[in-house]
Amino acid sequence: MINWFQLGTMICATPMVIFWVFLYIKYHSAFNAYIDNLSPKEYKMPELFFIGMGFMHATKYNLHSRKGRARIKEISEIKGQKFAEYYYYVIKAATFTYILTLIPLALILGAMSDNAMMLLIGICLAVLLIRYLEKDTNDKLEERREELMLDLPQVLSKMALLINSGMVMREAWVKVSTTGTRALYQEMQQTSQEMANGASDLEAFRNFADRCSVKQIRKVTSTLIQNMQKGNKELSYFLEEMSREMWEEKKNLVRQKGETAGTKLLIPIGLIFIGILMLIIVPIFANGF
């Protein structure tokens with residue numbers, strides 16, 4: 001009797017395996033320069049990413065679609081504008097590698113074992129790895145933006161104090177940028193370097209806002225640009241007002257993080273509680289009350 005499940009899975013697996021072998025033979029050493037420096041801690045199975053890169057090369061995959069450009073811009077906040085496109089390329093290559101490797105493997109295992117569960121497990125593993133790539137990037141992006149928001153009130157307070165003491169805007173910016181080492185201070189230092197290299201204040205501040213890409217920082221930068229020509233008095237007043245507003249937002253952010261952490265703790269606490277109940281109830285029923 002024909003086993004239609006095994007026959008169907010092998011029919012599906014065969015062209016995918018042939019295509020995978022073709023990519024392996026053709027592109028085995030073609031992308032070593034892109035792969036050699038990838039961390040196995042950050043990416044799973046990076047040694048196979050040439051499969052996805054080969055697929056993208058063979059299909060002329062467009063990295064610069066509207067969605068691609070938006071994602072590259074987000075990645076630039078984490079990895080820097082210089083390397084953003086490269087890391088987006090790596091993430092897409094990893095995605096195609098997981099699909100092209102794990103799905104045919106799952107089909108073969110499902111056919112050999114005559115078990116649909118093996119097929120389902122393989123597909124789920126591919127989906128989880130792809131989701132891991134997206135979640136890891138999103139988590140890093142969110143962490144960076146939160147760090148920028150947490151440091152912004154203190155930066156504004158320092159700048160208001162220096163401008164009140166008679167320092168001009170550019171000097172205050174450079175001075176404050178050297179008082180910390182976290183992301184916001186590093187971005188300020190890069191802006192100072194751009195201005196020192198001849199970029200206009202307007203261009204440097206716009207680049208700063210693009211790199212940070214946080215609504216509140218964009219608002220601050222936009223108002224800074226508008227007020228730079230009006231003198232230190234108005235600028236100092238604006239910075240003090242924005243500092244108070246940002247301190248309130250920082251308090252709300254910290255409060256939200258505390259509430260989120262408390263909610264996450266409910267799951268392990270609930271599991272511990274269920275375990276304790278089981279330890280108490282099972283012996284009681286085993287002994288017949």
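## A walk through an all-helix model

Let's start with one pair: the side chains of aspartate 201 and arginine 170 meet in a salt bridge, 2.3 Å from N to O. Aspartate 201 belongs to helix H9 (residues 201-212) and arginine 170 to helix H7 (residues 169-177), so this bridge ties together parts that are 31 residues apart in sequence. A salt bridge here is a side-chain nitrogen of Lys or Arg within 4 Å of a carboxyl oxygen of Asp or Glu. Aspartate 201 is partly exposed, with a relative accessible area of 21%, and arginine 170 is partly exposed too, at 38%. For those labels, buried means under 20% relative accessible area, exposed means over 50%, and partly exposed is what lies in between (1.4 Å probe, protein chains only).

Some ground rules before going on. This is a predicted model, in which local features need pLDDT of at least 70 and side-chain atom pairs count only at pLDDT 80 or more, while totals for chains, interfaces and linings use all residues. Residues are numbered from 1 along each chain as its sequence is written, and side-chain values use heavy atoms, with hydrogens and water left out.

Now the big picture. The protein chain has eleven helices and zero strands, so the labels need a rule: helices (H or I, at least four residues) and strands (E, at least two) are DSSP runs, numbered from the N terminus. Of the 289 residues, 37% count as buried. The chain exposes about 17,500 Å², and carbon and sulfur atoms supply 63% of that; accessible areas come from the Shrake-Rupley method with a 1.4 Å probe, and for residues only the protein chains shown count as cover. As for contacts, meaning heavy atoms within 4.5 Å, take those between residues at least 6 apart in sequence: 67% of them join residues at least 24 apart.

Back to the charges. By the salt-bridge rule, the count comes to 13. One of these joins glutamate 187 and arginine 211, with the closest N and O atoms 2.4 Å apart. That pair links distant parts of the chain, since glutamate 187 is in helix H8 (residues 183-196) and arginine 211 is in helix H9, 24 residues apart. Both glutamate 187 and arginine 211 are buried. Elsewhere, salt bridges that share partners join Glu42, Lys79, Asp136 and Lys140 into one network.

A more local case is glutamate 74 with arginine 71, where the closest N and O atoms are 2.6 Å apart. These two are three residues apart in helix H4 (residues 66-79), so about one helical turn separates them. Glutamate 74 is partly exposed at a relative accessible area of 28%, whereas arginine 71 is buried at 14%.

Next, helix packing. Two packed helices are described by the angle between their axes and the distance between the axes. The axes of H1 and helix H3 (residues 49-59) come within 9 Å and cross at roughly 95°. The two helices therefore count as roughly perpendicular. On the H1 side the contact is made by Phe19, Trp20, Leu23, Tyr24 and Tyr27, and on the H3 side by Phe50, Ile51, Gly54, Phe55, His57 and Ala58. The axes are lines fitted to C-alpha atoms, for helices over the stretch in contact, and angles run from 0 to 180 degrees between N-to-C directions. Under 35 degrees is roughly parallel, over 145 roughly antiparallel, 65 to 115 roughly perpendicular, and the rest oblique.

Stay on H1 (residues 4-27) and find threonine 9. Threonine 9 counts as buried because its relative accessibility is 5%. Setting aside neighbours within four places in sequence, threonine 9 is in contact with Leu107, Ala111 and Leu119. Glycine 110 sits 7.3 Å from threonine 9, C-alpha to C-alpha, although the two are 101 residues apart in sequence. Glycine 110 lies in helix H5 and, at 0% relative accessibility, counts as buried. With the same four-place exclusion, glycine 110 is in contact with Phe5, Asn115, Met118 and Leu119.

Also in helix H5 is leucine 109, which at 35% relative accessibility counts as partly exposed. Leu109 joins Leu105, Met112, Met117, Met118, Leu120 and Ile121 in a nonpolar surface patch of about 650 Å². Helix H5 (84-113) and helix H6 (116-164) each supply at least two of its residues, and the largest share, four residues, comes from H6. Patches are made of residues with over 30% relative accessible area and no salt bridge; like charges are joined within 9 Å, and nonpolar side chains (Val, Leu, Ile, Met, Phe, Trp, Tyr) within 5 Å.
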